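Student: Please take a close look with me at one part of this structure, and then show how that part sits within the whole. I would like a careful, connected account that I can follow with the model in view.

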Number of protein chains: 2
Amino acid sequence: MSDKKEIFRGRVFSVGIEEHRMPDGRLSHFEIVRHPGAAAVLPLLKDDRIILIRQYRPSIDGMILEIPAGRLEEGETPEQCARREIEEEIGCRVERLSPLGNFYTAVGFSDIYLHLFAAEVTEEGEQALEEDEFIEVLRLPLQEALALLERGEITDAKTVMALLLHTHHCGNG
Amino acid sequence: MSDKKEIFRGRVFSVGIEEHRMPDGRLSHFEIVRHPGAAAVLPLLKDDRIILIRQYRPSIDGMILEIPAGRLEEGETPEQCARREIEEEIGCRVERLSPLGNFYTAVGFSDIYLHLFAAEVTEEGEQALEEDEFIEVLRLPLQEALALLERGEITDAKTVMALLLHTHHCGNG
């Protein structure tokens, strides 16, 4: 990067106008949202059910069906973040965490990088939400979640990826 | 929304600090990136190969493997946008466009809504890139793309979703 003008530094992300040299040598200016990265986890119960959350999101001013997820805190590994979000958002304990892959979810304008996991969880603990969170917890069979996806009722990208990658890996679609 | 302070209005997105009332009545402030929405398309050739592009992205200051995609222009439908991006980025003509679903790709901080398609395409036409684009076109069998995904070499979320949704629908995973 040759030059960068920071427009905004927020609690969640920062925004800059950056000059970048492209592979053919040309210089151009781009608006970019810088984000610390995130982890998201598909929680698996022992009885073939999974857990989803229905969460209020101000970006769409409504509720949306998602898997637990959150921003990486300073000094936190993606695994630690995944375990913390499972504890805080659904009040469960992680028995085993398996990586599903790492992905750029909005590469057209942001460097946000998502670490995606599946986790075997047990229901021992209590939800501990942050001040600005509003979350309902749902337990449902994996096949029912896939049927919701099929009917277009799951519209959160990381949740779609987690359900399909887990199904694809397990060959149980 | 009760109150909004616009921080930045750019060419690609705008940023605001918005006050929203949550379902339980509490008011809170949130940083939000407003985006006009986007369309992305998995291009299918007649011989079971697909087309991917290797594109320079300033957000990660490097090349990444993706499906063709772009921002909705004013007054443009998602279908029109999908056809335009196929023509511009890979120089192909769309024979048939099938919806794969609509998704929020960064709901934690943005309203960006992605319209995802698969398209049967024919190679007649010429690439017509924008000033700030740098794109290489790759043709490869669908199974090879799925193998790249399996090996963690596809890291763009919309491309993962398109490959898995197409495979899931067609039952040919």
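**A sheet and its surroundings**

Tutor: A good place to begin is a single pair of residues, for R9(A) stands opposite S14(A) in strand 2 of chain A. The model in which we are looking at this pair is a predicted one. Strand 1 of chain A pairs with strand 2, residues 14-21 of chain A, in the antiparallel sense, and six bridges hold the pairing.

Widening the view from there, these strands belong to an open sheet of three strands in chain A, which follow one another in the order 1-2-3 with antiparallel pairing. Because strand 1 (3-9) and strand 3 (27-34) of chain A each have a single partner strand, they stand at the edges, and one side of each is left without a neighbour in the sheet. On average, neighbouring strands of this sheet are turned by 20° against each other when direction is ignored. When you follow the side chains along such an element, it helps to remember that in a regular strand they alternate between the two faces of the sheet.

Chain B has a sheet to set beside this one: it is open, has three strands in the order 1-2-3, and its pairing is antiparallel. Strand 1 (3-9) and strand 3 (27-34) of chain B stand at the edges with a single partner strand each, so that one side of each lacks a neighbour in the sheet. In this sheet, too, neighbouring strands are turned by 20° against each other on average, with direction ignored. Strand 1 of chain B runs antiparallel to strand 2 (residues 14-21) of chain B, and the two are joined by six bridges. One residue pair to look for there is E6(B) with its bridge partner G16(B), which lies in strand 2 of chain B.

Next comes the contact between the chains, to which chain A gives 49 residues and chain B gives 49 residues. On the side of chain A that touches chain B, two or more residues each come from strand 1, strand 2, strand 3, strand 5 (49-57), strand 8 (93-104) and helix 3 (157-170) of chain A. Sorted by class, this side of chain A holds 27 nonpolar, 13 polar and nine charged residues. The copies meet through the same surface, because 100% of the interface residues of chain A are also interface residues in chain B. Chain A is superposed on chain B by a rotation of 180° with 0.0 Å of shift along its axis, and the RMSD is 0.0 Å. The two copies are therefore related as by a two-fold rotation axis.

One residue ties several of these threads together, namely F109(A), placed in the loop between strand 8 and strand 9 of chain A. F109(A) is buried, because 24 other C-beta atoms lie within 10 Å, and 20 or more are enough for a residue to count as buried. Leaving aside residues up to four places away in sequence, F109(A) touches E31(A), I32(A) and V33(A) in chain A, together with V12(B), F13(B) and S59(B) in chain B. The C-alpha atoms of F109(A) and V15(A) are separated by 9.9 Å, although the two residues are 94 residues apart along the chain.

To place the sheet in the rest of the chain, note that chain A is divided into domain 1 (3-33) and domain 2 (39-99 + 123-170). The centres of these two domains of chain A, taken over C-alpha atoms, are separated by 31 Å. Beyond the sheet lies strand 4 (residues 38-44) of chain A, which is mostly covered, with six of its seven residues buried. Strand 4 pairs in the antiparallel sense with strand 7 (residues 69-71) of chain A over three bridges, and within this pairing A39(A) stands opposite G70(A). Strand 4 pairs in the parallel sense with strand 9 (residues 113-122) of chain A over seven bridges, where F117(A) is the bridge partner of V41(A).

Over its whole length, chain A has three helices and ten strands, and their pattern along the sequence is β-β-β-β-β-β-β-α-β-β-β-α-α. Of its 173 residues, 40% count as buried.

Note on methods. Residues are numbered from 1 along each chain as its sequence is written. Chains are lettered from A and ligands numbered from 1 in the order in which they are written. This is a predicted model: local features need pLDDT of at least 70, side-chain atom pairs count only at pLDDT 80 or more; totals for chains, interfaces and linings use all residues. Two strands pair if DSSP finds at least two bridges between them. Helices (H or I, at least four residues) and strands (E, at least two) are DSSP runs, numbered from the N terminus. Axes are lines fitted to C-alpha atoms, for helices over the stretch in contact, and angles run from 0 to 180 degrees between N-to-C directions. Two residues are in contact if their C-beta atoms, placed from the backbone, lie within 7 Å. Ala, Val, Leu, Ile, Met, Phe, Trp, Tyr, Cys and Pro count as nonpolar, Asp, Glu, Lys and Arg as charged, and the others, Gly among them, as polar. A residue is buried if 20 or more other C-beta atoms lie within 10 Å of its own, exposed if 12 or fewer, and partly exposed in between; C-beta atoms are placed from the backbone. Copies are superposed by least squares on the C-alpha atoms of residues with pLDDT of at least 70 in both. Domain bounds come from an automatic or database domain assignment.
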